[in-house]
Amino acid sequence: MRHAVREFPLSPRFVEGGSMSSVLSQAIVELEPQRVATLVGERLEAGHDPLQVLAECRQGMAIVGERFQSGEYFLSELLLSAEIFKDAVRILEPYLAKSGPPEPAGAVVLATLKGDIHDLGKNILATLLRAHGFVVHDLGVNVPPAVVVDKVRETRPDLVGFSALITTAFESMREAAGLLEQAGLRDGVKLMVGGGVTTPAVKQFVGADFQSTDASAGVAYCLSVVGGQASHAC
Ligand code: B12
């Protein structure tokens, strides 16, 4: 059965991205690549928490999303915002990678599933997990659910994580969970779903063990599964 988008109300944080904004998030909204890079660099040099800087960039993206939805921005602006965000993450990455101890922790299979090509959030989660010592098998975007099953069979990870930014990917996540079950692999892994569009209702729909719209919370959950400690950054 196909579930209509309206059955999964988006989280208020996702919808109301524009309620508070900083100079940095505004620079993203105004699509100013040079200014964003300068502001991110200045904030990091001044010793600001890289996760806070990331949160402000993400908030800018949420406002871009609102403008796209209202017809003020077009796909070209969405694409440009993604490039600006990627450049900001490139500057942030070495700082994010310092946020935890690089001890061997466990293994995670990550994917953005069929129907969804958004990967900025998934890539951030992968960076933070690696920084906390996890081996990450990142399958990429638009991944057929059967490919996840093959990877889990091959690598026997502790966790599987699906990232979704578009509601049509919910069916794919549920299909993947079902295929893991059928293959007898579901009990051996914890399944998490995340990405701005996910909510507790989506977790329930998919049959996942954990849901979050925050990569740091995802890392803390992964650490709790493998018996590690969340660092201060989580
Ligand atoms: C950038 C962007 C794009 C880029 C994506 C580039 C890329 N490489 O990812 C491009 C231009 C390609 C794009 C395309 C489209 N997009 Co778009 N896009 C966005 C935008 C503006 C930002 C998304 C983003 O990257 N945010 C920043 C990241 C860091 O946030 P995040 O993913 O939530 O990740 C954080 C957490 O959620 C967490 N996390 C992420 N994954 C996981 C996983 C786990 C397990 C855990 C624990 C945590 C976790 O970690 C991150 C840090 O904390 C959003 C607007 C918005 N409100 O988000 C629209 C948005 C998602 N897009 C939308 C749409 C409609 C589209 C298109 C269909 C447009 C079109 N007509 O073609 C296509 C989709 C094609 C497809 N099949 O996927 C809609 C989706 C609506 C819906 N209800 O489904 C949105 C909401 C815009 C809108 N308001 O209309 N998009």
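Start with the whole chain in cartoon view: its secondary structure comes to 10 helices and 5 strands. Keep in mind that you're looking at a predicted model. Of the 234 residues in the chain, 47% count as buried. Now think about contacts between residues at least 6 apart in sequence: 73% of them join residues at least 24 apart.

**Stop 1: helix H5**

Select residues 75–97. That's helix H5, with 23 residues, and from its first C-alpha to its last it reaches 31 Å, close to the 33 Å expected at 1.5 Å a residue. Where does H5 have a kink? Click on Ile91: the kink there is about 40°, and the proline Pro94 follows shortly after.

Next, show the side chains on the buried part of H5. Pick Ser81, Ala82, Ile84, Phe85, Ala88, Val89, Leu92 and Leu96. Some of the spacing in that list may look familiar: an α-helix has 3.6 residues a turn, so residues three or four places apart point the same way. Which helices do the buried residues of H5 pack against? Colour helix H3 (33–45), helix H4 (50–69) and helix H6 (120–131), and you have the answer.

**Stop 2: the cobalt**

Now find the ligand and zoom in on its cobalt atom. The protein offers this atom a single donor, NE2 of His118, at 2.3 Å. Trace the backbone around His118 and you'll see that this residue sits in the loop between strand S1 (107–111) and H6.

**Stop 3: the cores**

Time to look inside. The largest nonpolar core has 39 residues, and the ones that touch the most other members are Val36, Val40, Val108, Leu110, Leu129, Phe134 and Met192. Select those seven names as spheres to see where they sit. Several elements give two or more residues to this core: helix H2 (23–29), H3, H4, H5, S1, H6 and helix H10 (215–226). The largest share, 7 residues, comes from H4. Why does this core lie between domain 1 and domain 2? Colour 5–97 and 107–226 separately: both domains give residues to the core, so it lies between them.

Stay with Leu110 for a moment and show its surroundings. Leaving out residues up to four places away in sequence, Leu110 touches Lys122, Leu125, Ala126, Leu129, Val136, His137, Asp138, Leu139, Gly140, Gly161 and Met192. Apart from the largest core lies another one, of 25 residues, including Val109, Ala111, Val197 and Phe205.

**Stop 4: loops with a twist**

Go to Asn142, in the loop between strand S2 (135–138) and helix H7 (145–155). Its phi is near 55°, a positive value in a residue other than glycine. Asn142 is partly exposed, with a relative accessible area of 39%.

Then jump to Arg156, in the loop between H7 and strand S3 (159–163). Here too phi is positive, at about 45°, although Arg156 is not a glycine. Is Arg156 buried or exposed? Turn on the surface: Arg156 counts as exposed, at 56% relative accessibility.

**Last stop: Asp214**

Finish at Asp214, in the loop between strand S5 (210–212) and H10. With 35% relative accessibility, Asp214 counts as partly exposed. Add Gly196 to your selection and draw a distance line between the two C-alphas. How many residues apart are Asp214 and Gly196 in sequence? They are 18 residues apart along the chain, and 8.2 Å apart in space, C-alpha to C-alpha.

Notes. Residues numbered from 1 in each chain as written. Predicted model: local features only at pLDDT ≥ 70, side-chain atom pairs only at ≥ 80, totals over all residues. Heavy atoms only, no water. Helix = DSSP H or I, 4+ residues; strand = E, 2+ residues; numbered from the N terminus. Expected span 1.5 Å × (residues − 1). Bend = angle between axes of the 7 residues up to and from the residue. Buried < 20%, exposed > 50% of the residue type's maximum accessible area, 1.4 Å probe, protein only. Contact = heavy atoms within 4.5 Å. Donors = N, O, S within 2.8 Å, 3.2 Å for Na, K, Ca; no water. Core = buried A, V, L, I, M, F, W, Y, C linked by side-chain atoms within 4.5 Å. Domains from an automatic or database assignment.
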